[in-house]
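User: I have a model open and want to go through it before setting anything up. Can you take my questions as they come?

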Amino acid sequence: MAGTAAVVSIGIAAETASAQAPGPAGTAAGTTVTNTAQASYSVNGVQQSVASNAVSFVVDRKVNLTVTTNQPANTEVAIGQTAAVTTFRVTNNTNGTQDFVLTASQLPIQNLFAGDNFDVTNVKVFVDSNTNGTYDPGVDIGTYIDELAADQSAVVFIVGDVPNVQSASLAGITLIAQVAAGGSATVQGAPLAPSVALNDDAVVDVVFADNDSDGLGPDIANNGQGRASLAYEITTRDVALRVDKTQIVVSDPVSGLVAPKAIPGAVVQYCLTVSNGTLLTPANNVNLTDLVPANTTYQPGSIVIGVPGVQPICTVAGFVANDDGTPIAGTTFTGGYDSTARRVTATIPTLLGGTAVAASFRVTIN
């Protein structure tokens, strides 16, 4: 009797829980990859098969990111400028959705800018919320990157004030982004830490893969951080600021408003017009001061600040200032009168290049 013959071949079948092709960041962390072997054989010409047990593992988190500048050159600023902006871009190269903790540093060892001789103040970091690439005060208010998908990027702004110091020349500033845990759309995730234990097939381990150290700054390869640097560069130290003063007799106690004369009891209006002739460069904290002349008395509540008019009208749509120097409702202007010093003041926080503002006040001739 002829002996039986068995022929055996073994194949392997693999399946993954991923429903789409991975992007450049790779297969998404947490994806389960399952593997099963198949053995086929024949006995006396009869085909048979048997399956092995299934084995599986989850894809671990390969942490990586890129931080770059998002503007062609340093930010040009003027001395005393407020809310000056530098712009960066953070890209999530991790194979998962992540948060990113954002900080700004002005340490020279991180900025590496020759000539760095001052720091900006009131430094804040904001995320571009409407993706228009431009910092919008009051709109871009997020301070960390929330739930950034793999292979996606976000624009980040560092905003700071330039001190009013004539020796200021250059201020380097660095954005540092730290990969953090994702998963919540309302709470900032904690910075990730690399897994140190042996690989666990059922656990999503964390592996830092940000090999971005350039050997110059303090950034260390595989630390879950990325950074990029820019500078605030003083390019304008002065503007073509001009102040013009005019006066007009408004009324007198004899003629009233018709051809009034400068007699005792007459009201005289002084008009100060300040203009910035340097286009694209604002003048900040413009303070106008004028002493009430001798032989006259300041007329309470007569300070008005607004758009310059045409004489005899000093201001158009002007705002009446408070003599005590408190803020004027509906505007950023302030004004005041110091009765001891007999001094009138008007303050314009920002006078844009190519614009002008007028301020007027009135006195009575003694």
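Analyst: What follows is a run through the fold, the sheets, the cores, the disulfide and some backbone details.

User: Is this predicted or experimental, and what is the secondary structure of the protein chain?

Analyst: This is a predicted model. The secondary structure of the protein chain comes to 1 helix and 23 strands.

User: Is the chain spread out or a compact globule?

Analyst: The radius of gyration is 35 Å, well over the 21 Å that the globule rule gives for 366 residues, so the chain is more spread out than a compact globule. Along the principal axes, the C-alpha atoms fill a box of roughly 145 × 40 × 30 Å.

User: What share of the residues is buried?

Analyst: Buried residues make up 37% of the 366 in the protein chain. As for contacts between residues at least 6 apart in sequence, 70% of them join residues at least 24 apart.

User: On to sheets. What is the order in the open sheet of 4 strands?

Analyst: The order is β5-β7-β11-β9, and the pairing is antiparallel. β5 (65–69) and β9 (121–127) stand at the edges with a single partner strand each, so one side of each has no neighbour in the sheet. From one strand to the next, the twist averages 20°.

User: How many bridges are there between β7 and β11?

Analyst: Strand β7 (residues 84–92) and strand β11 (residues 153–161) pair over 8 bridges, in the antiparallel sense. One specific pair is A84 with its bridge partner G160 in β11.

User: And the open sheet of 3 strands, which ones stand at the edges?

Analyst: That sheet has the order β17-β22-β21, with antiparallel pairing. β17 (283–291) and β21 (334–338) are at the edges; each has a single partner strand, so one side of each is left without a neighbour in the sheet. Neighbouring strands here are turned by 15° against each other on average, direction ignored.

User: What joins β21 to β22?

Analyst: 5 bridges join β21 to strand β22 (residues 343–351), and the two run antiparallel. G335 has A346 in β22 as its bridge partner.

User: Now packing. Which residues have the most contacts inside the largest nonpolar core?

Analyst: The largest nonpolar core has 33 residues, and those with the most contacts inside it are V90, F100, L102, I145, L175 and Y232. Strand β12 (residues 170–180) gives the most to this core, with 5 residues.

User: What is I145 in contact with?

Analyst: Leaving aside neighbours within four places in sequence, I145 is in contact with V90, Q98, D99, F100, L102, V127, A154 and V156.

User: What about the other core? Which residues are in it?

Analyst: Another core, of 26 residues, lies apart from the one with I145. Among its members are F333, V344, A346 and F361.

User: Different topic. How many disulfides does a search of the whole structure find?

Analyst: The search finds 1 disulfide. C271 and C314 form it, with their sulfur atoms 2.0 Å apart. The torsion about the S-S bond is about 75°, so this disulfide is right-handed.

User: Where do C271 and C314 lie?

Analyst: C271 lies in strand β16 (residues 267–276), and C314 in the loop between β19 (304–308) and β20 (315–320), so the pair ties together parts that are 43 residues apart in sequence.

User: Are they buried or exposed?

Analyst: C271 counts as buried, at 4% relative accessibility. C314 is buried too, with a relative accessible area of 4%.

User: What do β19 and β20 form?

Analyst: They form a hairpin, with 6 residues between them. The two pair in the antiparallel sense over 4 bridges, and the bridge partner of P308 in β20 is T315.

User: Which peptide bond is cis?

Analyst: The bond from Q311 to P312 is cis, with omega near 15°. P312 is found in the loop between β19 and β20.

User: And where do you get a positive phi in a residue other than glycine?

Analyst: A259 has phi near 45°, and A317 has phi near 50°. A259 is found in the loop between β15 (241–251) and β16, whereas A317 lies in strand β20.

User: How accessible is each of them?

Analyst: A259 counts as partly exposed, at 49% relative accessibility. A317 counts as exposed, at 66%.

Conventions. Residues are numbered from 1 along each chain as its sequence is written. This is a predicted model: local features need pLDDT of at least 70, side-chain atom pairs count only at pLDDT 80 or more; totals for chains, interfaces and linings use all residues. Side-chain values use heavy atoms; hydrogens and water are left out. Two strands pair if DSSP finds at least two bridges between them. Axes are lines fitted to C-alpha atoms, for helices over the stretch in contact, and angles run from 0 to 180 degrees between N-to-C directions. A nonpolar core is a set of buried Ala, Val, Leu, Ile, Met, Phe, Trp, Tyr and Cys residues joined through side-chain atoms within 4.5 Å. Buried means under 20% relative accessible area, exposed over 50%, partly exposed in between (1.4 Å probe, protein chains only). Contact means heavy atoms within 4.5 Å. A disulfide is a pair of cysteine sulfur atoms within 2.5 Å. The radius of gyration is taken over C-alpha atoms; the globule rule is 2.2 Å times the number of residues to the power 0.38.
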